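Open the model in your viewer and keep the selection box at hand. We will go from stop to stop, and at each one you will read what to select and what is there.

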Amino acid sequence: MRLRKTKALRGGTAFLLALVLLFHAFPVCGPRVSAESISDLKARLSELEDMEAENAEKLESLRADASQKRAYRDAVKEKIDIVQQQLDVLIQRIRALDEEILEGEAAIADTKASISDNFDRLKDRLRTMYMTGDATTLSLLLKSTSLVDYRQKSEVVRAIAEHDTELLDTLESDLHSIEEAVREIDAQKAQLGEDKKELDAKSKELSALYEESESLLREAEANEAEAQAEAERIALEKAETDAAIDQWYAEYYAALEAANKNAAGGVGYIGTGAFVWPMPGYTMITCYFGEGGHRGIDIAGVGIYGKDIVAADAGKVIYAGWMGTYGNCVFIDHGNGYSTRYAHASALAVSEGDEVQIGQTIAYVGSTGNSTGPHLHFEVLYSGSLTDPFNYF
Ligand SMILES: [Zn+2]
């Protein structure tokens, strides 16, 4: 029978488990199951060890998986940071170009205004000269005192026009240079805009990759945590099973010691190895060995209350009295590796240390301890492990 445990037991202490081991008699069949015998406990321990090894391997691989996914996510994050830095630099350069463009446009506007002003002034001067007519110019020239003076005066008029024209030419040329510079800056800005678009796309792509790697990592971490929890659960149950095995051996050696003590002082209680039916006249079985974790067989029947319970073989009484769920009970050691237990009695006919013969009345049927009605709960143990009583009848 496989050992299963109730929730309360799993969370409980070794002490609780030990109590259950000591006193669990199961007078009626039910879903409650506990440690059956040392072989069940050892089988469960070995099963737990297998589970532990398997889970440890799984946990290791899940850890490696999570760590790999974490490294991948971090690498993606690093790439995102680099692209972001590149974007920051680009954005700063674009802003600087925007400022240069603004400055250039202001300079263009200034130069245009200056050209316009100078041109207006030149037009005014020429208009004035022409409106006053040749006469004024002529009289100015005629009033010249000499040819040199005349030449100087006509040179002045010519120079005035020439100076204005030169100024205008310079301004025009400046304007073209500034416009050319602004066009170049615009072209640079357009190129940076293209670069930025590319980086934006790359950043978007990396962000999607990051999201995906994050979600994969979270999944891997959840799996790892689950395996970790399972490892803890197995470790706890292993500790409990270990404690139960220790308890079982403590109980077993105590019983052996008691039996040896009795054997040293008495003679002839070695059993025959052949059992007689412990409940004369009653053969109705209400619960078989192993049913729902049952440790023995339950024998019942109409009018059974108070009837004789007899020793299944000769032996020495190693326990006679009250014991938890067994109620009033008798344990007999047959000195040949076998021992028998009789539980739920209404009264006892023997005391601890008594030597009993095969078929001797040892107790009377009752319903003490954990029992729902009068019956005999009968167990047969060999080398301390529970066995099916029907192996012997
Ligand atoms: Zn029973």
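Select His344 and show the residues around it: His344 is buried because 27 other C-beta atoms lie within 10 Å. Here a residue is buried if 20 or more other C-beta atoms lie within 10 Å of its own, exposed if 12 or fewer, and partly exposed in between, with C-beta atoms placed from the backbone. His344 belongs to strand 6; helices (H or I, at least four residues) and strands (E, at least two) are DSSP runs, numbered from the N terminus. Its phi is positive, about 75°, although His344 is not a glycine. Most residues other than glycine have a negative phi.

Before moving on, a word on what you are viewing. This is a predicted model, in which local features need pLDDT of at least 70 and side-chain atom pairs count only at pLDDT 80 or more, while totals for chains, interfaces and linings use all residues. Residues are numbered from 1 along each chain as its sequence is written.

Now colour the chain by pLDDT, the predictor's confidence in each residue, from 0 to 100. The protein chain averages 82, and 79% of the residues score at least 70. Select residues 1-36, where the pLDDT is below 50; this stretch has 77 contacts in the model beyond near neighbours in sequence. Two residues are in contact if their C-beta atoms, placed from the backbone, lie within 7 Å. Residues 263-268 also stay under 50, and for them the model has three contacts beyond four places in sequence. Where pLDDT is low, the predicted coordinates should not be read in detail.

Zoom out for the whole chain. The protein chain has five helices and 11 strands, and 24% of its 393 residues count as buried.

Next stop: the core. Which residues touch the most other members of the largest nonpolar core? Select Ile309, Val330, Tyr342 and Ile362, which do so among its 31 residues. Strand 5 (327-333) is one of the elements that give two or more residues to this core, and others include strand 6 (338-345) and strand 10 (376-382). The largest share, four residues, comes from strand 5. A nonpolar core is a set of buried Ala, Val, Leu, Ile, Met, Phe, Trp, Tyr and Cys residues joined through C-beta atoms within 7 Å.

Stay with Tyr342 and look for its contacts. Leaving out residues up to four places away in sequence, Tyr342 touches Pro278, Ile309, Cys329, Val330, Ile362, Ala363, Leu376 and Phe378. Phe378, in strand 10, is also the bridge partner of Tyr342.

Now highlight strand 5, which is mostly covered, with seven of its seven residues buried. Strand 5 runs antiparallel to strand 4 (315-323), and seven bridges join the two; strands pair if DSSP finds at least two bridges between them. Find Met323 and you will see it opposite Gly327 in strand 5. Three residues lie between the strands of this hairpin, where Gly324 takes a positive phi near 45°.

Follow strand 5 onward to strand 6, its antiparallel partner over five bridges. Ile332 has Thr340 in strand 6 as its bridge partner. This hairpin has four residues between its strands, and Gly335 in the turn has a positive phi of about 75°. Is Gly335 buried or exposed? Gly335 is buried, with 21 other C-beta atoms within 10 Å. Try a distance label from Gly335 to Ala314: their C-alpha atoms are separated by 8.8 Å, though the residues are 21 apart along the chain.

Select strand 10 next. Six of its seven residues are buried, so strand 10 is largely enclosed by the rest of the structure. Six bridges join strand 10 to strand 6, and three join strand 10 to strand 2, with Ile299 opposite Leu376. Strand 10 also pairs with strand 11 over three bridges. In the hairpin of strand 10 and strand 11, two residues lie between the strands and Ser383 takes a positive phi near 50°. Ser383 counts as partly exposed, with 13 C-beta neighbours inside 10 Å.

For the last stop, show strands 3, 9 and 7, an open sheet in the order 3-9-7 with antiparallel pairing. Strand 3 and strand 7 (347-348) stand at the edges with a single partner strand each, so one side of each is left without a neighbour in the sheet. To see one pairing, select Asp308 and its bridge partner Tyr364 in strand 9.
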